[in-house]
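Please open the model in your viewer with a cartoon representation, and keep side chains ready to be shown as sticks. The tour below moves from the whole chain to single residue pairs, saying at each stop what to select.

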Amino acid sequence: MSTKKEQSIHDYESSFTRMANLVLHQLGLIEKVMLSTDAGDQGRLIDEINANEKEIDRLEVVISDKFINAIVLYQPLASDLRKLVAIYRMSINVERIGDLVMNMAYAIESICKSEEYIFMSDVILNMFQSGRLMVEKSLLSFVNADQDFAVWTIKNDSVVDEMNNKLLSNTIARSAMDRKTKNMLLSYIDIKNIISNIERIADHATNIAEATIYSLRGTDIRHSGFEKSDTQE
């Protein structure tokens, strides 16, 4: 392997490491938001999350460019190519986790004082901590080349989903609410699951459309938007 090729791959991995560490930091910040009862502290934490999100978006574009350059300029061998592709795929998912953290921050800010959120806050925190552990182990599985962590994460995906649904349902069932309110909340859980899956489908469709524009025009619009005038050429 040439020195330039080694440096290119090293820079690529370093950019991903910075991005991954920043998203892990974001997960820690959103947990602090969930645990805080002080509006001022929450506001400062959310401001930091928002600033970090911009850097995560920038790093995703940097990683995408470095991925293409490494392949085009240095034609890596199969083993290096697999690592490059794996990191690229992970960077997309890591960036999406960053988006979800940002969405959570805004949602918590708007409902944190509501009776419904206060009632469910412990359950929500428990769910979040399960998901955070999965993210940490999945990233460690790559950093440490630990297949067991990767297998654990994959197997626990459905386990965590089932645990979270049962935990939420059991909390509602044990509450002092009347039966009508309990049934209404349980119905909301099912509706939210449906909506979440529809959102994911739409997200994937958007990803495909953005990739198509990139392949046709060489323009990365993931964080800059797409104007009507862009079609008039």
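What follows is a sequence of selections, each with a description of what is found there.

**The whole chain**

Begin with everything selected, bearing in mind that this is a predicted model. The protein has six helices and zero strands, and from the N terminus on its elements run α-α-α-α-α-α. If you colour by accessibility, buried residues make up 31% of the 233 residues in the protein. Among contacts between residues at least 6 apart in sequence, 69% join residues at least 24 apart.

**Helix 2 and helix 3**

Next, select residues 39-74, which are helix 2, together with residues 78-111, which are helix 3. Two packed helices are described by the angle between their axes and the distance between the axes. Here the axes of helix 2 and helix 3 come within 10 Å and cross at roughly 160°. Angles over 145 degrees count as roughly antiparallel, and helix 2 and helix 3 are therefore roughly antiparallel to each other. The crossing of helix 2 and helix 3 is left-handed. If you show the residues of the contact of helix 2 with helix 3, they divide into 16 nonpolar, four polar and seven charged.

**A salt bridge within helix 2**

Side chains of opposite charge can pair when their charged atoms come close. The count of salt bridges comes to six, and the remaining stops visit some of these pairs. Staying in helix 2, show the side chains of Asp41 and Arg44, which meet in a salt bridge at 2.4 Å, N to O. Asp41 and Arg44 are three residues apart, about one turn of the helix, and both lie in helix 2. Asp41, at 33% relative accessibility, counts as partly exposed, whereas Arg44 is exposed, with a relative accessible area of 53%.

**Arg96 and Glu95**

Now select Arg96 and Glu95, whose side chains meet in a salt bridge at 2.2 Å, N to O. Which of the two partners is buried, with a relative accessible area of 1%? Glu95 is the buried one, while Arg96 is partly exposed, with a relative accessible area of 24%.

**From helix 3 to helix 1**

Move on to Lys83 and Glu13, which form a salt bridge with their closest N and O atoms 3.8 Å apart. Lys83 lies in helix 3 and Glu13 in helix 1, which covers residues 3-35, so the pair ties together parts that are 70 residues apart in sequence. A surface display can be added at this stop: Lys83 counts as partly exposed at 36% relative accessibility, and Glu13 also counts as partly exposed, at 25%.

**The network around Glu31**

For the last stop, select Glu31, which is found in helix 1, and add Arg132 and Glu136, since these three residues are linked in a network of salt bridges. Is Glu31 buried or exposed? At 12% relative accessibility, Glu31 counts as buried, the limit for that class being under 20% relative accessible area. To see the surroundings of Glu31, show Leu125, Phe128, Gln129 and Arg132, with which Glu31 is in contact once its neighbours within four places in sequence are left aside. Arg132 thus appears in both selections, as a member of the salt-bridge network and among the contacts of Glu31.

Notes. Residues numbered from 1 in each chain as written. Predicted model: local features only at pLDDT ≥ 70, side-chain atom pairs only at ≥ 80, totals over all residues. Heavy atoms only, no water. Axes fitted to C-alpha atoms, helices over the stretch in contact; angles between N-to-C directions. Helix = DSSP H or I, 4+ residues; strand = E, 2+ residues; numbered from the N terminus. Parallel < 35°, antiparallel > 145°, perpendicular 65-115°, else oblique. Left-handed = near helix turned anticlockwise from the far one by under 90°. Nonpolar A, V, L, I, M, F, W, Y, C, P; charged D, E, K, R; others polar. Salt bridge = Lys/Arg side-chain N within 4 Å of Asp/Glu carboxyl O. Buried < 20%, exposed > 50% of the residue type's maximum accessible area, 1.4 Å probe, protein only. Contact = heavy atoms within 4.5 Å.
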